[in-house]
Amino acid sequence: MRRRSSCLLLLGILLAACHGAPPAPPPAPLVVVPPLPDSLVEAVLGESAFADTASIATHDVTGEALDLFGDSVGASADPADDDEPSWDIDVQSYETRRRVQYYVRRFGGSGRDEFALWLARGGRYEPMIRAKLHAAGLPEDMTYLALIESGYDPDAYSSAAAVGMWQFMTSTARGMGLRVDWWVDERRDPVRSTDAAVAFLKSLDDQFGSLYLAAAAYNGGPGRVSRGLTRYADDLDGVAADDVFFALADKNYLLAETRDYVPRLIAAALVAKDPTRYGFQITYEPPLQYDSVRVGPFTPLAAVAQAARTTTAEVTALNPAVLRGVTPPSDSFTVRVPVGHAEGFAEAYGALPARERRAFRTVRTRKNETMAALARRGGLTVHQLSWFNPQLRSTRRGRLYSGQSVRLPSLAVLSAARNVPDPSIERYGSSRGHTVTHVVRHGESLWSIARKYHTSVKSIERLNGFRKSIIFPGQIIVVRGTSGRTHVVKSGETLTSIARRYDTTPKRLEHLNGLHSDRIFAGQKLRVR
């Protein structure tokens with residue numbers, strides 16, 4: 001009976017719109033009318049009703065929030081509020097595929113607890129991600145790439161040294177404009193890394209004309225996907241849109257991880273958009289919100305927290321890209337603080353005692369002093385001392401050169417520092433064993449890469465099966481097909497002399513071997529290629 005009354009009411013409204021509206025009646029008491037069933041609305045208005053309503057409810061409102069508040073979008077509808085889920089990527093055409101069904105069962109079965117944690121965490125980041133995707137003209141449901149990449153974890157770290165919510169390698173991140181150095185790693189910043197990921201996805205979508213091919217290229221590299229499309233061009237001729245990915249995946253040309261990447265994305269979208277159907281009851285984290293303040297170099301996050309009337313833990317949580325508990329050297333820096341805590345910050349910070357605004361005290365290394373002795377002098381571990389002094393140099397016997405300036409952090413700085421791997425670590429050896437790979441950075445060419453690795457453009461083209469000298473940022477290419485070469489350090493040798501012998505640089509040797517300084521020892525085995 002209620003459905004029939006609602007239908008008659010809707011038809012009356014449509015007739016009034018067609019024949020001219022009568023004068024406005026006197027104000028009437030507010031009546032809450034239950035929402036009409038989707039099937040009824042579609043029968044009366046057609047499918048456009050859903051498109052227009054969805055546009056107003058999510059896209060325009062989210063976009064307006066982005067315009068007003070920048071990258072701090074603080075409001076979003078609870079994903080569980082929609083009775084009938086809808087997707088702006090095509091998941092329903094592929095939900096019966098075997099691998100999609102496998103991941104749906106896995107997310108709702110053995111991986112249930114972990115997936116529930118991911119969904120809850122998504123409440124903090126999804127509104128911001130969706131707003132940025134929409135602003136770039138991409139479907140908002142591509143947010144689930146971050147879910148399957150990291151579970152929306154800004155501190156995720158893979159065995160291949162990929163970091164952050166979007167799992168960027170160092171080279172790719174820098175190529176997309178992110179700052180990655182000893183003091184700051186913007187791969188861990190959910191807002192800045194999302195900007196880079198959206199830009200990367202947009203370029204891949206423009207290149208391949210398919211969201212699912214773009215997703216595959218995000219995982220496996222655009223070079224491999226483009227070569228696959230070329231190799232199987234005849235078989236793929238006439239295959240439409242996103243079906244191309246599945247047709248290419250059936251060729252077993254893509255790596256297994258990449259073949260499963262899109263099915264995982266589709267399965268994640270199916271479950272995340274309709275969690276109650278799969279037995280989930282999720283309490284979503286509140287959306288990310290913050291204000292910002294500007295401070296000088298080497299400002300302790302603890303001092304920022306004190307001036308902003310909040311806790312150090314709150315400030316460090318809002319600024320996961322700041323690695324050492326202080327803002328980086330050489331320039332002013334924007335620090336996020338809780339909403340409403342930026343007001344009066346400058347005056348409060350200026351009123352802090354000088355000792356609370358000071359990040360370090362400085363000492364000089366003594367003759368024949370070791371790192372361990374120096375660390376004890378500062379009340380630190382050797383590992384902690386290295387966080388703030390990556391420039392320290394030592395002799396072959398492990399003794400520090402005397403007279404070097406050393407930063408000894410305050411306890412407040414030390415408490416806010418993050419114990420994370422060296423951000424410069426990059427995977428060079430591929431899983432294929434006797435090869436060396438390179439992640440293409442923005443602005444690089446095959447010629448510049450060939451010069452860096454002391455090889456030729458023709459050799460790289462041959463190793464990768466390139467028909468044209470076209471490469472893309474983020475693409476992983478093989479630059480050497482020979483086995484890696486090592487060198488056993490002899491007494492009296494230095495990194496400089498070894499680098500000269502193998503026609504490379506000391507910095508390159510440090511990078512290849514994960515060294516934090518040029519200190520080496522007789523008998524030590526070094527990778528030189």
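A residue counts as exposed when its relative accessible area is over 50%, and as buried when that area is under 20%. By that yardstick Asn252, at 56% relative accessibility, is exposed. The model in which Asn252 sits is a predicted one, and buried residues make up 47% of its 529 residues. The secondary structure comes to 24 helices and eight strands. As for contacts with a separation of 6 or more, 68% of them join residues 24 or more positions apart.

Asn252 is worth a second look for its backbone too. Its phi is positive, near 60°, in a residue other than glycine. The residue belongs to the loop between H12 and H13. Tyr152 is another non-glycine residue with a positive phi, in this case about 60°. The loop that holds Tyr152 runs between H6 and helix H7 (170-175). Buried or exposed, then, for Tyr152? With 0% relative accessibility, Tyr152 counts as buried, whereas Asn252 counts as exposed.

Next comes the helix packing around H9, which spans residues 211-220. Its partners here include H8, H10 and H13, taken in turn below.

With H8, the axes come within 8 Å and cross at roughly 125°. That angle makes H8 oblique to H9, and the crossing is right-handed. On the H8 side the contact is made by Ala197, Phe200, Leu201, Leu204, Asp205 and Phe208, which meet Leu211, Leu213, Ala214, Ala217 and Tyr218 of H9. Sorted by class, the residues of this contact are ten nonpolar, no polar and one charged.

With helix H10 (residues 222-231), H9 packs at an angle of about 130°, the axes lying 7 Å apart. H9 and H10 are therefore oblique to each other. H9 contributes Leu213, Ala216, Ala217 and Gly220 to this contact, and H10 contributes Pro222, Arg224, Val225 and Leu229. The tally for H9 with H10 is six nonpolar residues, one polar and one charged.

With helix H13 (residues 256-273), the H9 axis comes within 9 Å of its partner and the two cross at roughly 130°. H9 is thus oblique to H13, and this crossing is right-handed. Which residues do the touching? From H9 they are Tyr212, Ala215, Ala216, Tyr218, Asn219 and Gly220, and from H13 they are Glu257, Thr258, Tyr261, Val262, Leu265 and Ile266. Eight of the residues in this contact are nonpolar, three are polar and one is charged.

Some residues turn up in more than one of these contacts. Tyr218 of H9 meets H8 and also takes part in the contact with H13. Ala217 of H9 is listed in the contact with H8 and in that with H10. Gly220 of H9 appears in the contact with H10 and in the one with H13.

The same part of the model brings in the largest nonpolar core, a set of 73 residues in which Trp166, Tyr212 and Tyr218 have the most contacts. At least two residues of this core come from each of helix H4 (98-108), helix H5 (112-135), helix H6 (144-150), helix H8 (190-208), H9, helix H12 (243-249) and H13. H13 gives the most, with ten residues. What surrounds Trp166, leaving aside neighbours within four places in sequence? Its contacts are Ile129, Met142, Leu145, Ala146, Glu149, Ser193, Thr194, Ala197, Leu201 and Tyr218. Among these, Ala197, Leu201 and Tyr218 also belong to the contact of H8 with H9. Apart from this core lies another, of 39 residues, including Val304, Val337, Leu385 and Leu392.

Elsewhere, Arg294 is found in strand S1 (residues 291-295). At 51% relative accessibility, Arg294 counts as exposed. How far apart are Arg294 and Arg336 in sequence and in space? They are 42 residues apart along the chain, with 8.8 Å between their C-alpha atoms. With neighbours within four places set aside, Arg294 is in contact with Ser332, Phe333 and Thr334.

Technical notes: Residues numbered from 1 in each chain as written. Predicted model: local features only at pLDDT ≥ 70, side-chain atom pairs only at ≥ 80, totals over all residues. Heavy atoms only, no water. Axes fitted to C-alpha atoms, helices over the stretch in contact; angles between N-to-C directions. Helix = DSSP H or I, 4+ residues; strand = E, 2+ residues; numbered from the N terminus. Parallel < 35°, antiparallel > 145°, perpendicular 65-115°, else oblique. Left-handed = near helix turned anticlockwise from the far one by under 90°. Contact = heavy atoms within 4.5 Å. Nonpolar A, V, L, I, M, F, W, Y, C, P; charged D, E, K, R; others polar. Core = buried A, V, L, I, M, F, W, Y, C linked by side-chain atoms within 4.5 Å. Buried < 20%, exposed > 50% of the residue type's maximum accessible area, 1.4 Å probe, protein only.
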